[in-house]
Amino acid sequence: MRWIAFFLVALNVVLFSWHMLVAPAPQMNSGQNSLPQESQGKRITLVSEISPEELPAQKKSNGLSGESFEVAELCTLVGPLTEEYQGEDILQRIQSLQVKAELRDIEMQGQMRYWVYLPPLNSRREAYNRLRELQSQGVDSYVIPKGSLENGISFGIFSERARAESHTEDLQGRGVSAQFREEPQTYMERWIVMPPGSAESLAIEFWRQLQDEYPDLDRRPNLCSEVLG
């Protein structure tokens, strides 16, 4: 009986070894390695996979704060016209060609000036009392009658900054609380104003002929908002 038991044990070992060598290994379920689709969130879509029509519209940026901006329109100025007949003559020529234009008086920026002054006092009487004190000390001055410095005291307007600074320091050295500020000088000029695109519709020969007749005539672009506002 003993050899029968050994035979059965040996047979079991052989059968187990054959099963391990011949039977196919269990395959891994690829779905078990990845999370269910519902738990992965939205699928990432590459830009290259999106058609141009599906892309969101973009606004132009001014590069400073990300705000959208519009391109400023440029008008054309022709002038300055020192004589009234010049403006009328040129305007009629332009309009006869069915081109829009108009005569306008435009405020132009002149030379910068520097005003030395004493800040406004509380009343006109107080200003004149202070004026008499200054004049008794030999300080050339006058009361400012109106404007942003009304009831202040002026010590002069200078065309050069260095002279204004020097005069201010001289007054401060004498115990006067003088100050100075920039005062842009403006003046009026007459120009022909043409809306955007109008000047370009005229032939080069037109401008050449006009320049021959009026050598001092200037043609320049300018923001429409500054001349048509």
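Here is a short chat about a predicted model, covering its ring contacts and helix H4.

Me: What makes Phe206 and Trp207 an aromatic pair?
Reply: Their rings are 5.3 Å apart, centre to centre, and pairing asks for centres within 6.5 Å, so they count as a pair. A search of the whole structure turns up one aromatic pair.

Me: And why is that pair called edge-to-face?
Reply: The angle between the planes is 80°. Anything over 60 degrees is classed as edge-to-face, so the label fits.

Me: Are Phe206 and Trp207 buried or exposed?
Reply: Both Phe206 and Trp207 are buried.

Me: How do you know that Arg219 lies over the face of Trp207?
Reply: Arg219 is 4.1 Å from the ring centre of Trp207, and the distance limit is within 6 Å, so that part of the test is met. Arg181 also lies over a ring face, that of Tyr117, at 5.9 Å from the ring centre.

Me: On to H4. What makes its length agree with what a helix should span?
Reply: At 1.5 Å a residue, the 13 residues of H4 (124-136) should span 18 Å, and the end C-alpha atoms are 18 Å apart, so the two agree.

Me: Why do you say the buried residues of H4 line one face?
Reply: Those residues are Ala127, Leu131 and Leu134. Looking down the axis, they fall within an arc of 65°, so they line one face of the helix. Arg125, Arg132 and Ser136 are exposed on the other side.

Me: What covers the buried residues of H4?
Reply: The cover includes strand E3 (142-143) and strand E4 (153-158).

Key:
Residues are numbered from 1 along each chain as its sequence is written. This is a predicted model: local features need pLDDT of at least 70, side-chain atom pairs count only at pLDDT 80 or more; totals for chains, interfaces and linings use all residues. Side-chain values use heavy atoms; hydrogens and water are left out. Rings of Phe, Tyr and Trp (its six-membered ring) pair if their centres lie within 6.5 Å; planes under 30 degrees apart count as stacked, over 60 as edge-to-face and the rest as tilted. Buried means under 20% relative accessible area, exposed over 50%, partly exposed in between (1.4 Å probe, protein chains only). A charge sits over a ring if NZ of Lys or CZ of Arg is within 6 Å of the ring centre and within 35 degrees of the ring normal. Helices (H or I, at least four residues) and strands (E, at least two) are DSSP runs, numbered from the N terminus. The expected span of a helix is 1.5 Å times one less than its number of residues. The arc is that of the directions from the helix axis to the C-beta atoms. Contact means heavy atoms within 4.5 Å.
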